[in-house]
Amino acid sequence: MELRGYQRDAVAPALRGRNCIVWLPTGAGKTRAAVHVCRRHLESRRGGRVAVLVNKVHLVEQHAEKEFHALQDAFRVTAVSGDSSHKVFFASVVKQSDVVICTAQILQNALVSTEEDARLELTDFSLLVIDECHHTHKEAVYNKIMVNYLQRKLGGQQELPQVLGLTASPGTGGATSFEGAVQHILQALGSLGRTSPNLPGCCIALGCGLRAGSGVSLSQLCANLDTDTITSAQEEEQQVQSHVPEPRKQYDLCQERVQDPFGERLKEVMERIQQYVEIPSLPQDFGTQVYEQRIVELESKGEVVWVRWCGAGGTGPPYDCGAGPSPAAEMLCRRTRVCALHLRKYNDALLINDTVRMVDAFQCLQQFYDTRKDTKDPTEQFLSATFEENRATLQALAGDQRYQNPRLDKLEAILREHFQPLGASRGIVFTKTRQSAHSLLSWLQDTATLCGPHIRAAVLTGAGYSNQTRPMTQVSRGWEGWDRPLCALRVVLGLGAPRSCFSIAAISPQNEQQDVIKLFRNGTLNLLFSTSVAEEGLDIPECNIVVRYGLMTNEIAMMQAQGRARAENSVYFVLAKANSREVSRELLNEELVELMERAIRAVQAMPEQEYRLQIRELQQAAIATCLMKEARISERQQQHHPDTVRLHCVNCGVVVCCGGDIRTVEGMHHVNINPSFGLHYRVSSGKIQFQRAFKDWEPGCRITCGECSQDWGMEMLYRQVKLPILCIKNFVVETPAEKRRYKKWSAVTFPIKAFDYVEYCSNTYGQSF
């Protein structure tokens with residue numbers, strides 16, 4: 001494999017067995033250089049084994065099919081992701097492979113596994129390649145792996161793997177000062193290298209064209225990645241620039257809507273709801289993220305208060321209700337919670353209206369209220385009636401083109417200019433949410449000037465599920481008259497659309513995401529409306545248009561998105577409101593690029609003794625912080641005996657189980673083992689379907705509260721035993737000290753035992769078992 005001059009310079013320390021970061025601009029061939037290192041490493045080391053770690057599922061397949069495919073002529077290369085059947089037997093697969101490409105979480109799970117046949121050690125590998133290594137900070141999986149690495153290294157363990165980091169955007173760690181940026185780099189280098197004073201210094205290889213990002217200070221980055229020195233390839237600047245064309249940046253700014261009667265009507269309805277709930281301190285800044293945060297707090301408080309009354313039998317004063325233990329107080333608490341939920345939906349609609357179309361905002365509300373009919377709760381009845389009173393007016397305003405979003409006019413002009421009938425453009429429009437990505441696709445399909453076979457668009461979002469998104473397969477108007485499942489299948493298989501169709505639309509949960517990327521790569525699709533999932537690592541050399549649509553993110557996201565425009569004469573558009581926070585942040589990001597370069601030069605010029613001392617101190621502090629955090633977590637989880645803890649349904653407040661009924665399966669699934677718990681829930685019809693199989697269990701049906709139909713979780717069939725898995729966010733946890741909601745089981749204040757399969761079967765089936 002031939003490398004360019006700057007690539008050879010960048011990986012030279014790694015080829016000598018030293019830990020380093022290859023820091024080159026997007027499109028400069030970091031992955032190709034890493035493949036070269038892997039080949040030389042395996043050729044020179046008997047019994048060597050390489051783990052290539054990525055932070056996104058779609059990058060596993062991309063690396064395996066493209067650059068790392070070159071190693072298959074001499075080595076056993078295996079790709080493993082959450083969607084792969086190999087995941088179940090990961091440890092076995094690793095021991096039969098020379099190169100394993102996987103998501104970092106899969107390796108982390110194996111490193112902490114308590115099952116002997118599933119556990120791996122860092123010493124099972126001789127080289128770790130960490131893609132997008134700027135994510136090695138805080139609670140990121142990369143950092144957990146590297147903390148493990150540092151603990152062993154500082155403890156004197158030998159035979160730890162060499163580490164090679166890859167990044168185009170290391171960041172300033174949120175720092176806006178020179179000193180803070182330097183600290184960020186040093187911290188990262190410290191966790192990716194050797195610290196022994198008797199060994200040559202490890203290095204970070206920098207390509208000219210280096211850009212800043214935001215994640216962890218320069219000193220922190222050095223320490224987290226355990227690197228001793230920094231070198232750069234500035235003498236190869238012209239060669240890098242010749243191979244990595246930089247896109248032209250263009251600001252397309254628009255003004256606010258002159259009139260927004262739809263938005264004003266939504267605010268009037270919200271004011272009416274706030275009057276109904278009778279809490280004078282509620283904010284009035286409708287349609288903002290700040291308002292959403294306040295309403296989420298109000299909703300959570302209402303849930304806890306409601307449970308206090310339902311679960312405690314009305315004893316003691318209600319929290320913030322100002323009333324005694326009466327039905328009226330209970331009603332007030334429930335009213336607060338329900339109104340807060342509806343206010344969130346109206347605020348969502350305002351945010352959608354600001355981002356895309358009025359009709360998208362209206363449909364969001366309409367879908368919400370269509371699912372909340374036939375309720376006996378008086379607050380729900382009032383809120384549904386209020387929406388029905390305004391439905392016709394809102395629908396009429398939503399269809400009035402006089403109040404079109406100016407941002408969409410700008411986007412239409414960009415797409416019309418760059419996607420000509422005979423052109424070969426390929427582009428990505430980055431937006432904030434799944435909802436806005438789907439809304440933009442619907443807008444495109446409804447815009448006459450953009451209809452035609454020259455624009456073939458789809459949505460690309462993360463693999464997680466969101467109830468705000470469209471159905472599994474979204475089919476455009478051009479498919480009318482055709483068999484829709486057949487058309488969708490033709491798209492997924494890359495067979496193309498019937499000739500009468502003007503666009504292709506497929507959405508991407510889990511493996512559908514991979515299909516959309518393939519179709520975009522081979523040109524079947526030429527436009528993606530994407531969330532941040534496509535910012536990092538997506539390698540499409542033909543992409544020449546990138547649009548940042550109303551986004552306010554850090555400089556890492558900015559540089560990663562800009563790096564998707566790989567073709568010659570590419571354009572990077574910033575589409576936002578004039579004088580907005582989005583524009584201010586984009587300008588700040590550009591300044592942080594310069595700050596990063598200054599910090600790099602300062603670290604390079606640092607005396608070796610001073611540098612080593614700082615790295616050592618940062619590493620020791622990082623380990624101490626980790627140990628203290630683990631101690632605090634352990635102490636917190638022992639605060640209450642499980643039998644003193646009660647779980648209440650978050651919706652109706654009924655007590656459903658105690659903490660002593662909960663067990664963990666495979667260290668992650670929280671189940672209730674009390675046989676009487678089944679009396680409290682209902683089971684839906686139809687099993688939940690996943691795109692992959694699991695080793696010892698399979699998903700069952702969704703479960704809901706038997707009193708109010710609140711979603712609780714799902715059943716699992718674990719080694720032929722049916723167990724209910726509970727989602728903690730659907731419950732309020734009551735301890736002797738407080739009542740509160742949790743987002744994660746790891747945050748609860750009582751210990752949870754591991755599920756004992758033999759003990760459960762013995763207790764359940766008795767002596768016959």
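Here are some questions and answers about salt bridges, burial and strand pairing in this predicted model.

Q: Why is the contact between Glu-61 and Lys-518 called a salt bridge?
A: Their closest N and O atoms are 3.1 Å apart. A salt bridge needs a Lys or Arg side-chain nitrogen within 4 Å of an Asp or Glu carboxyl oxygen, so this pair makes the cut.

Q: Are Glu-61 and Lys-518 buried, partly exposed or exposed, and how do you know?
A: Glu-61 has a relative accessible area of 23%, and Lys-518 has 37%. Buried means under 20% and exposed means over 50%, so both residues land in between and count as partly exposed.

Q: What makes Asp-354 and Arg-407 a salt bridge?
A: It's the distance again: the closest N and O atoms are 3.2 Å apart, and the limit is 4 Å, so the pair qualifies. The two residues come from distant parts of the chain, with Asp-354 in helix α12 and Arg-407 in helix α15, 53 residues apart.

Q: Why is Arg-407 called buried, while Asp-354 is called partly exposed?
A: Arg-407 has just 3% relative accessibility, which is under 20%, so buried is the right word. Asp-354 comes in at 31%, between 20% and 50%, so it's partly exposed.

Q: Which residues are linked with Asp-354 and Arg-407 in a network of salt bridges?
A: Glu-256 and Lys-577 join them in that network. Across the whole structure, a search finds 24 salt bridges.

Q: How do you know that Arg-391 and Asp-370 still count as a salt bridge?
A: Their closest N and O atoms are 3.8 Å apart, and that is within 4 Å, so the answer follows. This pair also links distant parts of the chain: Arg-391 sits in helix α14, Asp-370 in helix α13, and they are 21 residues apart.

Q: Which of Arg-391 and Asp-370 is buried, and why?
A: Arg-391 is, because its relative accessible area of 15% is under 20%. Asp-370 has 40%, so it falls in the partly exposed range.

Now for the sheet.

Q: Why are β16 and β24 called edge strands?
A: The open sheet has four strands in the order β16-β15-β23-β24, paired antiparallel. Strands β16 (655-658) and β24 (739-740) each pair on one side only.

Q: What makes β23 and β24 a pair?
A: They share two bridges in the antiparallel sense, and at least two are needed, so they count as paired. In this part of the sheet, Val-733 stands opposite Arg-740 in β24.

Definitions and conventions
Residues numbered from 1 in each chain as written. Predicted model: local features only at pLDDT ≥ 70, side-chain atom pairs only at ≥ 80, totals over all residues. Heavy atoms only, no water. Buried < 20%, exposed > 50% of the residue type's maximum accessible area, 1.4 Å probe, protein only.
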